[in-house]
Amino acid sequence: MPRDWRSLVDSMTDVQKLVHLAMRLDDFEVDRIRGELLKEGRRVYEDELTKQAQRVGCRNRAGRLTVGPALSELNRLYEEHARSIVNTYNYDLAGAIIAIGVEVPTANRYTYEARLRGWEARRNSWKLGQVAMATNGYARSMAQSDFAAYNSIDGYAILRPEKAVCPVCQGWVARGSIPLREALNNPPPYHGNCPHTYDTFPGQAGDCSTLWMGE
Amino acid sequence: MASHRELVRLAEVQRRDRARQLQAMQERLAVALSNEVGFNRLRAITDEEWEAAVLAGEPVGEA
């Protein structure tokens, strides 16, 4: 259920509404952020294909994602992420503006600007890591899964790092070696800030020159 | 076909590389996700716009 920033804005004074209107992110920003996430996710996806090729002994092949269902799926996924990022930002922004109004009832626009800069810096100190982790995790898992499926590769996988906090991650780590298909049908990230990725231990691959690498 | 031992060693190298790439991505996202546009719009609010909002009932003064 997305957070409803509009109801918070409705409770604001006119000055605070003006500040929120200036600062909030809109649909143009959704599209811009989607584009940035897709650029990053595509880079990760291609890198993971390259790594998977190395794991089947094909060190001279590099991932290259141009067109096709994988790129469409990444685009769809990151559009969803971008909408969520923007909505959460607008919600948190509303909370920050209301808090400034409570702390400094006489705040003018310079006060709002200075305090919102501090708020954004504090928020970015943890939020950027969360966004990067999710962007990275989904793209790596998708690349591992596509690589195994398109190249008909079997084998097993182990979730790493071994250290795990949430029960889902602890469960997969505790199982140790998992059949590759089962692992890739239940891919991480399993929650926000999930740091896990599978180390794959593939069986025999075919000819390196015919390996599917995302093209 | 690589041995299990070689794959374990390669996995360690790849994990370090993934971590390095994640850090680099976070640094790029810091630029991509900053809301400078919003701060520019906030600074661009005119005195008239601000005063009109103030007159609607908000107590305001120099901070």
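Which loop of chain A holds A:Pro189? The legends below take this up along with a few other close-ups of the model, which is a predicted one.

**View 1. Here is a cis peptide bond in the loop between α7 and β3 of chain A.** A:Pro189 sits in the loop that runs between α7 (180–185) and β3 of chain A. The bond leading into A:Pro189 from A:Pro188 is cis, and its omega is near 5 degrees. A:Asn193 has its place in the loop between α7 and β3 of chain A too. Its phi is near 65 degrees, a positive value, and A:Asn193 is not a glycine. With a relative accessible area of 38%, A:Asn193 counts as partly exposed.

**View 2. Another cis peptide bond links A:Arg160 to A:Pro161.** Omega for this bond is about 0 degrees. To find A:Pro161, look in the loop between β1 and α6 of chain A.

**View 3. Three strands of chain A make an open sheet.** Read across, the order is β2-β1-β3, and the pairing is antiparallel. That leaves β2 (178–179) and β3 (197–202) of chain A as the edge strands, each pairing on one side only. Strand β1 (residues 155–160) of chain A is joined to β2(A) by two bridges. For A:Ala157, the bridge partner in β2(A) is A:Ile178. Lying across β1, β2 and β3 of chain A is helix α6 (residues 167–175), which runs at about 135 degrees to β1(A).

**View 4. A:Ser152 has a positive phi.** The value is near 50 degrees, and this residue is something other than glycine. Look for A:Ser152 in the loop between α5 (109–150) and β1 of chain A. Is A:Ser152 buried or exposed? Its relative accessibility is 59%, so A:Ser152 counts as exposed.

**View 5. Helix α2 of chain A meets helix α2 of chain B.** The axes of α2(A), residues 14–23, and α2(B) come within 7 Å and cross at roughly 140 degrees. That crossing makes the two helices, α2(A) and α2(B), oblique to each other. From α2(A) come A:Val19, A:Leu21, A:Ala22 and A:Met23, and they meet B:Gly38, B:Phe39, B:Arg41 and B:Leu42 in α2(B). Sorted by type, the residues of this contact are six nonpolar, one polar and one charged.

**View 6. Now for the confidence scores of chain B.** Chain B averages a pLDDT of 88, and 87% of the residues score at least 70. Among the elements of chain B, helix α2 (residues 36–43) has the highest mean pLDDT, 96, while helix α3 (residues 47–55) has the lowest, 90. The model as a whole scores ipTM 0.91 and pTM 0.92.

Technical notes:
Residues are numbered from 1 along each chain as its sequence is written. Chains are lettered from A and ligands numbered from 1 in the order in which they are written. This is a predicted model: local features need pLDDT of at least 70, side-chain atom pairs count only at pLDDT 80 or more; totals for chains, interfaces and linings use all residues. Side-chain values use heavy atoms; hydrogens and water are left out. Two strands pair if DSSP finds at least two bridges between them. Helices (H or I, at least four residues) and strands (E, at least two) are DSSP runs, numbered from the N terminus. Contact means heavy atoms within 4.5 Å. Axes are lines fitted to C-alpha atoms, for helices over the stretch in contact, and angles run from 0 to 180 degrees between N-to-C directions. pLDDT is the predictor's confidence in each residue, from 0 to 100. Angles under 35 degrees count as roughly parallel, over 145 as roughly antiparallel, 65 to 115 as roughly perpendicular and the rest as oblique. Ala, Val, Leu, Ile, Met, Phe, Trp, Tyr, Cys and Pro count as nonpolar, Asp, Glu, Lys and Arg as charged, and the others, Gly among them, as polar. Buried means under 20% relative accessible area, exposed over 50%, partly exposed in between (1.4 Å probe, protein chains only).
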